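Please open the model in a viewer with residue selection enabled. The tour below proceeds from one selection to the next and states what is found at each.

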Amino acid sequence: MNLTREANRKMEISQLAKAAKVCGISNRDSLPEAVRAVVAKADTSKRFLNTEEIGEICKYCKTSEHAVELLIAESNQVVDKARQQLLAQQPQLILPGGKLHPEPRAEACWRDCQQFLRVIIYGVACDCTEVTDAAGMTAMRQLYKEMEVPIPAMMYVLAQMRTLTTQVLKTSGHLREATCLDKAFDNLIKALQPT
């Protein structure tokens, strides 16, 4: 009986993981088809935009290539700093019994944060603040609930990432992109919060 329940849970988690999708930019009719195609291609490979793609998108969307390149260049440090700030506040998270223990569990969480930032950077390049996929985020929330992901901790990390990336853009004079980034974070945070 327990084996069947465990097998069903694993199957459910596997199905949720397949359905979970953050990026909804390629579904935005307000963006030119060429831009959506470039984003869809990068998103399918779960990678940042390359220099050529940044140039193409920024030309269409009249955004700053420099701002996008800066965000990509700073992305690892941003996630690292946000992680350090969280663990300085809540070190128990990664200790035995903590919500981010054992280490592979914590690593998966940091990878997700990196992916969230990647999608937000797509949004900045496209000047698009509605970055999430509604159905994909519903699956993501259910998956996080099943996996007991500590959502308050994740919200804290996202808030830190938002502050750090906004700072990067504002200090380099990219105010329009900073506004877009801020709204894209709003969209993501709202989509992640349990309903």
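**First selection: valine 39.** In this predicted model, valine 39 lies in helix α2, which spans residues 33-44. Is valine 39 buried or exposed? Its relative accessibility is 0%, and valine 39 therefore counts as buried. Display the residues around it: leaving aside those up to four places away in sequence, valine 39 touches Cys23, Ile25, Ile57, Tyr122 and Cys126. Next, add aspartate 127 to the selection and draw a C-alpha to C-alpha distance. Valine 39 and aspartate 127 are 12 Å apart in space, with their positions 88 residues apart in sequence.

**Second selection: aspartate 133.** Move to the loop between α5 (103-126) and α6 (134-146), where aspartate 133 is found. Aspartate 133 counts as buried because its relative accessibility, 13%, falls under the 20% limit. Which residues does aspartate 133 touch, not counting those up to four places away in sequence? They are Lys21, Val22, Cys23, Gly24 and Asn27. Cys23 has thus appeared at two stops, as a contact of valine 39 and as a contact of aspartate 133. Now select glycine 24 together with aspartate 133: their C-alpha atoms are separated by 3.9 Å, although the two residues are 109 apart along the chain.

**Third selection: asparagine 187.** Proceed to helix α8, residues 175-192, which contains asparagine 187. With a relative accessibility of 14%, asparagine 187 counts as buried. Beyond residues up to four places away in sequence, asparagine 187 is in contact with Thr129, Glu130, Val131 and Thr132.

**Fourth selection: the cysteines.** How many disulfides does a search of the whole structure find? The search finds zero. Cysteine 61 is in no disulfide, and the nearest cysteine sulfur, at 4.9 Å, belongs to cysteine 126. That separation is not within the 2.5 Å required of a pair of sulfur atoms, so cysteine 61 and cysteine 126 do not qualify. Cysteine 61 has a relative accessible area of 10% and is buried. Cysteine 180 is likewise in no disulfide; the nearest cysteine sulfur is that of cysteine 128, 7.1 Å away. Cysteine 180 also counts as buried, at 5% relative accessibility.

**Final selection: the whole protein.** Clear the selection and colour the chain by secondary structure. The protein has eight helices and zero strands, which gives the pattern α-α-α-α-α-α-α-α along the sequence. The radius of gyration is 17 Å, close to the 16 Å that the globule rule gives for 195 residues, so the protein is as compact as a globular protein of that length. Along the principal axes, the C-alpha atoms fill a box of roughly 60 × 35 × 30 Å.

With the full chain still in view, consider its contacts. Of those between residues at least 6 apart in sequence, 76% join residues at least 24 apart. The pair formed by aspartate 133 and Gly24 is one of the contacts listed at the second stop.

Finally, switch to a surface representation. Buried residues account for 47% of the 195 residues. The accessible surface is about 10,400 Å², and carbon and sulfur atoms contribute 54% of that area. Colouring by charge brings up 25 positive and 23 negative charges, whose mean positions are 4 Å apart.

Terms used
Residues are numbered from 1 along each chain as its sequence is written. This is a predicted model: local features need pLDDT of at least 70, side-chain atom pairs count only at pLDDT 80 or more; totals for chains, interfaces and linings use all residues. Side-chain values use heavy atoms; hydrogens and water are left out. Helices (H or I, at least four residues) and strands (E, at least two) are DSSP runs, numbered from the N terminus. The radius of gyration is taken over C-alpha atoms; the globule rule is 2.2 Å times the number of residues to the power 0.38. Buried means under 20% relative accessible area, exposed over 50%, partly exposed in between (1.4 Å probe, protein chains only). Contact means heavy atoms within 4.5 Å. Accessible areas come from the Shrake-Rupley method with a 1.4 Å probe; for residues, only the protein chains shown count as cover. Lys and Arg count as positive and Asp and Glu as negative; His and the chain ends are not counted. The place of a charge is taken as NZ of Lys, CZ of Arg, CG of Asp or CD of Glu.
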